[in-house]
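Me: Please take a close look at the cavities and pockets of this model, and say what lines each of them. I would also like to know how the helix packing beside them is arranged.

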Amino acid sequence: MQNPFTTTFSKTPEYTYIAIDKTKEILENFSYEMPSESVYKITGVRGSGKTVILAKIEEELRNEKNKEKGWLVFDLNPTRDMLGQIAAMLHKEGFGGSDTKGRSINISATFFGAGGEIGYGAEKANDFFDIGVEVETMIQQAKEKGKRILVGIDEVSKTTEMIRFASEYGRWLRANYPVYLVCTGLYENIQEVSNVKNLTFFRRATTLKTEPLNMIRMSAMYKKQLPVEGDEARKMAECTKGYAYAFQELGVLYFKKRDTETLEDIIPDLKAELFAYSYEKIWEEMTDGDRFLAALLTEKKEYKREEVLELMGEKAGNYSMYRDRLLKRGILEGRQAYISLALPYFADYIKEYC
């Protein structure tokens with residue numbers, strides 16, 4: 001029997017996907033004739049399911065029902081010319097062509113493959129070509145045909161290509177074109193783009209932070225797919241603390257070893273996978289101040305604010321700044337006056353390797 005769980009980053013689980021409220025919220029908004037929000041930014045710690053949310057939204061809007069409503073879904077590669085990609089995709093849908101006022105768009109055979117380029121040409125040497133103007137002309141044509149366009153971008157960061165695209169997208173918003181944007185990224189990367197001058201729309205756009213998976217839904221999935229008894233399934237769900245990568249990784253390991261090992265035997269293997277393929281990178285990307293605060297929270301399940309301030313000593317004045325940043329990054333979770341590490345066994349990783 002094939003293992004129903006997967007640990008491949010950026011891949012949507014086919015058999016073990018757990019519905020997320022954020023996905024429903026975005027899709028419900030886009031289902032209206034005039035959506036109240038045009039842009040969503042999805043942030044969260046590595047492995048928390050940002051890409052899965054984006055993939056499910058794209059999958060839903062690509063289905064036959066939404067195609068009939070005029071939806072086009074363009075999934076862009078943020079490391080390449082994004083305006084060029086949109087031009088190629090619109091051209092493939094039949095927009096542009098003879099209506100491009102003497103200019104032509106030549107798409108090489110390798111454009112959609114490995115590293116190909118989109119070529120632009122003008123029939124008259126004295127004509128100036130502007131990719132932004134050309135794409136806008138195509139979008140106008142798409143609007144006239146009753147089309148609605150979703151642009152999806154995974155792992156946004158402050159690059160020249162992203163800023164070029166966002167600047168043009170802001171113009172499309174002002175012109176009231178039916179073009180919608182859903183992007184994902186680490187909190188700090190989203191913030192860098194948000195702080196770019198003249199990208200006010202991006203800074204003000206709705207930001208959704210990934211949340212822990214629901215314990216009941218995780219337990220039910222373990223019972224269904226492994227299968228295991230209810231008590232065992234609940235223990236497994238609790239071990240993951242709702243962290244999407246841990247949920248999938250524990251499922252993979254348990255499926256492989258359930259006949260020869262107990263859950264307690266498998267936990268060290270789970271920790272090793274989390275440490276090597278997730279936490280090492282997360283720790284590397286944290287600032288010294290973030291690491292300092294996180295390292296103070298490894299001896300108990302949760303800490304009261306006054307306890308942490310005492311532990312911080314002379315650095316207590318930085319508590320709010322460190323705390324807020326780690327909460328936004330998904331590394332901490334807060335409960336009234338208490339804080340704790342949000343990731344399963346992250347305290348063990350800090351004590352053992354940091």
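Reply: What follows describes the enclosed spaces, then the open ones, and then one helix contact.

This is a predicted model, in which local features need pLDDT of at least 70 and side-chain atom pairs count only at pLDDT 80 or more, while totals for chains, interfaces and linings use all residues. Residues are numbered from 1 along each chain as its sequence is written, and side-chain values use heavy atoms, with hydrogens and water left out.

As a frame, the protein chain has 16 helices and ten strands, where helices (H or I, at least four residues) and strands (E, at least two) are DSSP runs numbered from the N terminus. Its C-alpha trace spans about 70 × 55 × 35 Å along the principal axes, and 49% of the 354 residues are buried, that is, under 20% relative accessible area with a 1.4 Å probe and protein chains only.

Two cavities of 30 Å³ or more are present in the structure. On a 1 Å grid over the protein atoms alone, a cavity is a set of points where a 1.4 Å probe fits but cannot get out, whereas a pocket is an open set with protein on both sides within 12 Å along at least five of seven lines, and lining residues have an atom within 4 Å of a point. Grid points are joined across faces, edges and corners, and a volume is the space filled by probe spheres set on the points.

The largest cavity holds about 100 Å³ of space, and its lining consists of G44, V45, R46, L186, Y187, E188, I282, E285, M286, R329 and I331. Helices α7 (187–194) and α12 (263–285) each supply at least two residues of this lining, which divides into six nonpolar, one polar and four charged residues. In this classification Ala, Val, Leu, Ile, Met, Phe, Trp, Tyr, Cys and Pro count as nonpolar, Asp, Glu, Lys and Arg as charged, and the others, Gly among them, as polar. The second largest cavity, with about 30 Å³ of space, is lined by I20, S48, I53, T210, E211 and L213.

Turning to the open spaces, the largest pocket has a volume of about 430 Å³, and of the 25 residues that line it, F9, S10, G47, G49 and V52 are the closest to its centre. Both α2 (50–62) and α11 (244–257) supply at least two residues of that lining, and the largest share, four residues, comes from α11. By class, the lining of the largest pocket has ten nonpolar, ten polar and five charged residues.

In the second largest pocket lies about 330 Å³ of space, with 18 lining residues, of which K241, K301, E333, S340 and L341 lie nearest its centre. Strands β9 (332–335) and β10 (338–341) and helix α16 each supply at least two residues of this lining, and β10 gives the most, with four. Nine nonpolar, two polar and seven charged residues make up the lining of the second largest pocket.

Finally, the axes of α12 and α16 (residues 346–353) come within 10 Å and cross at roughly 80°; these axes are lines fitted to C-alpha atoms over the stretch in contact, and angles run from 0 to 180 degrees between N-to-C directions. The two helices, α12 and α16, are therefore roughly perpendicular to each other, a term that covers 65 to 115 degrees. Their contact (heavy atoms within 4.5 Å) is made by K271, F275, Y279, E280, I282 and W283 of α12 and by F346, D348, Y349, I350, E352 and Y353 of α16.

Technical notes. Angles under 35 degrees count as roughly parallel, over 145 as roughly antiparallel, 65 to 115 as roughly perpendicular and the rest as oblique. Buried means under 20% relative accessible area, exposed over 50%, partly exposed in between (1.4 Å probe, protein chains only).
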